[in-house]
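Colleague: I am new to this structure and would like a close look at a single part. Please take one helix and the charged pairs that go with the topic.

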Amino acid sequence: MLQTYTDYWQICPPPRPRVLTIKAMQEDKALAVTNGSANSRIPHVLTVAGSDSGAGAGIQADLKACAARGVYCSTVITAVTAQNTVGVQGVNIVPEDFVAEQLKSVLSDMRVNVVKTGMLPSIGIVKILHQSLREFPVQALVVDPVMVSTSGDVLSGPSVLASFREELLPIADIVTPNLKEASALLGGVQLDTVADMCSAAKSIHAMGPRNVLVKGGDLPASSDAVDVFFNGEDFYELHSPRVKTRNTHGTGCTLASCIAAELAKGSTMLSAVKVAKHYVEIALDYSKDIVIGNGIQGPFDHLLKLKSNVHSSPRQHVFDPSDLFLYAVTDSGMNRKWGHSITDAVKAAIVGGATIVQLREKEAETRDFLESAKACLEICRSHNIPLLINDRIDIALACDADGVHVGQSDMPISTARALLGPDKIIGVSCKTPEHAHKAWIDGADYIGCGGVYPTNTKANNRTVGLDGLKTVCLASKLPVVAIGGIGVSNARAVMEIGAPNLKGVAVVSALFDRECVFTETRKLKGTLMEAANMVK
């Protein structure tokens, strides 16, 4: 049932070195890229590619994809093309010495995490890139072997193929050919089936890259968009629904750039590939009906901004760390105690000043929980307040909530991300710096740290105190919300611990175990505002 919301993954048919089950797909076998220096706070991708005047592919697509994924992107331009939705009208290759000068400028100064390549139109440029990466090593190299544009125009000739094989593939962390490019790398072998793609992935892997993703978007007679990922040990089929649209120009560039962006943020390789594939699916589906240009192949909207909404429902909330300022967590038992319905309690909290709401309904039946979530989501959307679901990813998917919050013993963040996709909010409870670091690596958007003080809402919950909270905050690369026993009397002390990434407090009893939720929320909001002003 969840397959209607997300990609699903299968193991390829032979050839394969060994048989896996879905449970055995452990992402910790894949490449993990971390941000190196503790001072390197901003994930950074350098794209080395050609410019597309129509802005659907090439450097322009790379910039937009990285921006959409929250990563800084610098550029080295290898060629300037004149192209539009009809095709490529001209190509002007940048002189090799100037490509070398661009590479040195960026790599010598800007702490690049991941390099992603696109159009490399000459043997000399390939060799220059190889030499530059030897002089200025980076944490990962993503090679998109661009040879032919999506419209069929040749961008890199056959003479470049040998240089690709000799210079780039042996140092690549992943190479992402489509069917035509994989065939060209292998001397023209025909690829018609998933089994052919598996065989091609294995053969390309033998050329040196650590991982191979063969893209099967043009696979004949396939109802799904099927890609094959091979890490040298295991094969994975990655399926997603095929989106019927003319707006597919730049999908390959975008997929590779998104993989690079996720690696720069610290994702494992397989997780990065899954997130990238799902992101492209979402962008294609969002853009399927937009019209730009008169040709047969248009661009798509990387930032999901060109239409007022997705499908017919209100646009989901885009996460902002300031949303965590006053984080209201509901409790069904408290609502019953005071005679409040869940919708009345949520609305009162929002009107009183709550900036985000989490539905935490441990006792409710699934059907009842889903109906309550839908009703609360309508209220939250009308006030532009994000709604998260505690633990229950099935409920979050079914009602299209803005995200979930999970605990250390709940579903792993990487799995939640794969199910929910790249654009939902995911928070995780953390008590230690190690928990916080893993949350960042696995792709969480924020962490909840606590309990800061003793609380009755969770049994046997070890408290961390203000010192423990500060320790976790200082270790975290993610925004933090404090939780546990916080109310009007101690909220100021929490907010004044001196941690810039502490963005707010999450409260249950202080709001919902009260006769008037609105009054208590407004009172706590005032206290937090005073504390925030003092910190400034």
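Modeller: What follows looks at helix H8 and then at some salt bridges. The model is a predicted one. Helix H8 covers residues 269-287. At 1.5 Å a residue, its 19 residues should span 27 Å, and the end C-alpha atoms are 27 Å apart, which agrees. Of these 19 residues, 17 are buried, so the rest of the structure largely encloses H8.

One residue of H8 to look at is Lys 277, whose side chain meets that of Asp 227 in a salt bridge, at 3.1 Å from N to O. Lys 277 lies in helix H8 and Asp 227 in strand E9 (residues 224-230), so this pair ties together parts 50 residues apart in sequence. Both partners fall under the 20% cut-off for buried: Lys 277 has a relative accessibility of 6%, and Asp 227 has 7%.

This pair belongs to a wider set, as the count comes to 18 salt bridges. Another is formed by Arg 69 and Asp 423, with the closest N and O atoms 3.5 Å apart. Arg 69 sits in the loop between helix H1 (58-68) and strand E3 (72-83), and Asp 423 in the loop between helix H13 (413-420) and strand E15 (425-430), so the pair ties together parts 354 residues apart in sequence. Here Arg 69 is buried, with a relative accessible area of 8%, whereas Asp 423 is partly exposed, at 28%. Salt bridges that share partners also join Arg 69 and Asp 423 with Glu 262 and Lys 265 in one network.

Methods. Residues numbered from 1 in each chain as written. Predicted model: local features only at pLDDT ≥ 70, side-chain atom pairs only at ≥ 80, totals over all residues. Heavy atoms only, no water. Helix = DSSP H or I, 4+ residues; strand = E, 2+ residues; numbered from the N terminus. Expected span 1.5 Å × (residues − 1). Buried < 20%, exposed > 50% of the residue type's maximum accessible area, 1.4 Å probe, protein only. Salt bridge = Lys/Arg side-chain N within 4 Å of Asp/Glu carboxyl O.
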